[in-house]
Amino acid sequence: MRMYPTPGRNICSWYIFPLALLFFTGRGAFAQIRYSVPEEVEEGTVVGNVAKDLGLDVASLTDRRFRVVSGSKDAVFEVNQNSGALYVGNPIDREGLCQGSGACLTELKILVENPLEIHYVLVEITDVNDHSPSFPEKEQTFEIAEQTLPGKRFQLHTARDPDAGINSIRTYTLTANEHFEVNLRQSDTGKIPFLVLRKPLDREQKDKHTLLVTAVDGGKPQRSGTLNVSIIVLDSNDNRPIFSQEIYQISIKENIHVGTSVFRMNATDLDEDTNGKVEYSLGKTLRQKVYNMFEIDKLSGDIIIRGEVDYEENDQFELDVEASDRGTPPLTGECRVIIKIIDINDNPPEIDVTSLSNTVPEDSKPGTIISLLSVTDKDSGVNGKIMSSIINDVPFELKPSYKENTFSIVTKSILDREKVSHYEITVKATDCGDPPLSSFKTVSFQISDVNDNSPHFKQTPLEFYIGENNDAGKTIFSVTAADNDLNDNAAISYHIMREGNQKDIMTFLNINADTGQIIALRSFDFETLKTFQFQVVASDSGTPPLSNNVTVNVFILDQNDNAPVILYPLSSNGSAEGVEEIPRNVNAGHLVTKVRAYDADIGYNGWLLFSLQEVTDHSLFGLDRYTGQIRTLRSLTETDEAEHKLVILVKDNGNVSLSATATVIVKLVEPKEAFAASDVKSAAKMDEEDNVTLYLMITLGGVSVFFIISIIVLIAMQCTKSTDYTSKYLQETNYDGTLCHSIQYRSGDKRYMLVGPRMSIGSTIVPGSHANTLVLPDRRRASEEVSPVL
C-alpha cells in the first residue's frame, strides 16, 4: 500500500493485512481485509482501494451500488464508487472512538449487489501524540509527621494522557531535593506515581517543602504536565487506619436504583480520640465516570449508587477507598473495591436489514438470496443469545451465515407472480433471557414478472358465419387471445399458420398482427366455396416468446346472386322459346308441356316459382306454380284461335328476387295432323330430351359428388375435435322439375338447414340469414325435455 502524506505531519506507511477468510452463501460472497490509518488525518485521505483488493470490477461499482453499510449516522469512512477507494469522510479521533491502550479497530461492511456480496473490512486507527499529560488538580498537599520513617509512600495525583501506546505517559520526574523521590507502581489503568520519603523530616529545620512533579509521555516530541506538591511537616500521629482486606470484590445487578447502599467499608485505627476517628473518601485518581456513578458516606463508609448502572456500558468498576484519621497529621489507609456488574435482560434484540432486493423474479430457484440481515443484542450470556425465525406463512426461510446472528432470507419454493405479486415477510428475533424479549421486522418486496404463461383463447375452436359476396379488403371477423403476464410478456401478436394446405388460405386472407382482425382479400362465392378452416397463432413478446394457436372454422352463407336458368324450352339459337302442338280434341287437364328451370343458389334463394306473365286466353291454359306444368283448363272448341302465345315468368324467393322468362307458342291442329306431326316431333323431341336429360344427369352428378366430398371432409374434421359440431350436406331433387338444393348441419344444440321448396313444419327462419336458413327443432332434445304432467 502507498504512503499518503498529510500537510504538516509525517504519516507512516500503512499496510494491508488480508485475513484468509472467504465464505460464500447463496449468491452473497464475504471476505475480510485489514487496513491501518493514523488519527487526525485530513478528510478525503485514501485508506486503500477496497475494490482492487477484493477483486471487484471498478466499472460496475456504480451499477452494483458499491457502498459502506454503517450503523451510525456520522460514518467515519466512505467509499468512492468511481475508483473503489476507501477514504476518510469525517475527522478521526482515536480517543473518542476507542478507550484504553489496546488496538483501536473499526469493522466496516462493504456491500455490492447484482449479485449480492458483503465484505468485512477492519480499519485500525493508530495513535498520534496529540495530547499532553494532565493532572486532575494543579496542586496537591501532604501533611507528614516528622516522625515518619524513610520509605514512607504518598500517592500523588495520577496524570492522564488520552494517547495510547508509546504516546502515553512513560515516567514521572521530581525537582531535585534531599528528602523525596518519585516511585512508580504499574496498574491496569497505567503508572501510579508515589512520593517516597528517603530522608527523615525535621520540622524545626523546615516545616514546608514545595516540589514540582512532571509527567512525561513517550511521543516525539515529548509532551509533559506538572503538579505542584506542598509538603507540610506535622507532629506525629503514629497509627493509621487499617482495612481488613487490601482488595474487596462485590457484585451488583445493573439498573439498581439510585441511592441504594451496596457495601459498607470498615477501617480501624488504634489511636484514641481525634487520632482514632476515621473518615472515608474515594481516591483522587479515579476516572470521572466512577465519581459520577458512586459516592461514599464520609462517616459510615457506605458506598452508595449515584448514577444509572448499565452493564452494556461498563461491566466492572474499580474504586480506591481511603480511610483517614483526625490526627495531626492525619494518617490514611487505602484499599481497592472491585464492583462487578451483573447483566439482566433489559435489551430486546435489534434487527438490521443490511441489504434488500426490491423485486424478486418469479422464476427464482429455491435457495435464491433476496435479503441479508443481522441480529444483535446488547445483553450478554444467555440474555444475548438470539433465536430468529419467519413467523408468517410465506415461501421463504432464514439461512444462517458464517457469522453468528447473520442471516439470509432465501426462497424455499417456486414463486408465481400470477398468484401472489407482493410479499411482506415478518422476522421475529427472541433472546433467551427470563423473561425473553422479542423484536419484529417486516421486509416487503414485489415479485417481478417473467414470461411463463402462453396466450390463450377463450373458446376453441372458433366458428364464424359470413355471407358470400363480401367486400374484398375489409374485416370479416376478429380473434382475441389473453395472456396472464404483464407488459411485453402480455403483448400479443397474431399470424396465420402457413403450413401444408394453410398456404392456400393466405391467398385470400390476411390478419392484423396487433388487433387479430381477419381481412378477406377477395369476395367469397358460396357456389364454389362453402366452408374452410385455418389456424391462427397468438404469440407474446416475452423472451423467449410463447405462443398458442386456435382452429377457425368459417362457413359461407348463401346470398341470392344467381338468376334462374331456363332449361326447357330452349331454341337452337339459345333463347327460351318453344312451339307445342296439341290436337283440338283434347280434354281439360291435358299436359301441354313443362317448363324446366335451374337456380345455382340454395334454400329460398334457389326455390323457383312459375307464373304466367302473358297469355292469349286465360280461360284455356293454366300453369302449375311449383312444377311449371302447362295444362288445358277446358276442352278446345272450333272457335278457339289456332295459335296461342304464353310468356312464363320464373323467379326465385330471395329477398331481392331474380327471374327469367320463357315463351311457349301453342298451336291447335286437327287430330290427324297432330298425330303426324307428333311422330316427327316426338323423334326430334326425344333427341332434345335426351340431351337435356344428359345435362341434368351431369349437373346432378357433379353436385352430388361435391356434396359427398364435403360431407366426408366435415365428418373427418368433427372426429378430430371435441366440440359438439356435426355437419352434413344432403342433396334433394325437386321431383316436380325444379333443381334445388338443401344443406343441413348441426352446431351445439341447434340444427340448421338451408331449405329448398318444401319447408319442414315447425321450422323457423334464423335472423340475419337472409331468409335462407331454418332452425329445425331437435326432436331428440325435445323428447328428453318433456316432463310428465301430474
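The legends below describe three close-up views of a predicted model.

**View 1. The largest nonpolar core and the contacts of Val552.** The largest nonpolar core holds 28 residues, of which Leu509, Phe534 and Val552 touch the most other members. Two or more residues of this core come from each of the strands β34 (462-467), β35 (475-478), β37 (492-496), β38 (509-511), β39 (517-520), β40 (531-540) and β41 (547-557). When neighbours within four places in sequence are left aside, Val552 is in contact with Leu462, Phe464, Phe477, Val479, Phe532, Gln533, Phe534 and Val536. Phe534 thus appears both in this list of contacts and among the core residues that touch the most other members.

**View 2. The surroundings of Ala481 in strand β36.** Strand β36 spans residues 481-482 and includes Ala481. Ala481 has a relative accessible area of 10%, and is called buried because this value is under 20%. Residues up to four places away in sequence not being counted, Ala481 touches Pro455, His456, Phe457, Ile492, Tyr494 and Ala538. The view also allows a comparison of sequence and space: Gly516 lies 35 residues from Ala481 in sequence, while their C-alpha atoms are 8.6 Å apart.

**View 3. A nonpolar surface patch with Leu694.** Leu694, Tyr695 and Ile698 make a nonpolar patch of about 340 Å² on the surface. Leu694 belongs to helix α5, which covers residues 671-719. The relative accessible area of Leu694 is 44%. Leu694 is therefore described as partly exposed, a term for values between the limits of 20% for buried and 50% for exposed residues.

Note on methods. Residues are numbered from 1 along each chain as its sequence is written. This is a predicted model: local features need pLDDT of at least 70, side-chain atom pairs count only at pLDDT 80 or more; totals for chains, interfaces and linings use all residues. Side-chain values use heavy atoms; hydrogens and water are left out. Patches are made of residues with over 30% relative accessible area and no salt bridge: like charges are joined within 9 Å, nonpolar side chains (Val, Leu, Ile, Met, Phe, Trp, Tyr) within 5 Å. Accessible areas come from the Shrake-Rupley method with a 1.4 Å probe; for residues, only the protein chains shown count as cover. A salt bridge is a side-chain nitrogen of Lys or Arg within 4 Å of a carboxyl oxygen of Asp or Glu. Helices (H or I, at least four residues) and strands (E, at least two) are DSSP runs, numbered from the N terminus. Buried means under 20% relative accessible area, exposed over 50%, partly exposed in between (1.4 Å probe, protein chains only). A nonpolar core is a set of buried Ala, Val, Leu, Ile, Met, Phe, Trp, Tyr and Cys residues joined through side-chain atoms within 4.5 Å. Contact means heavy atoms within 4.5 Å.
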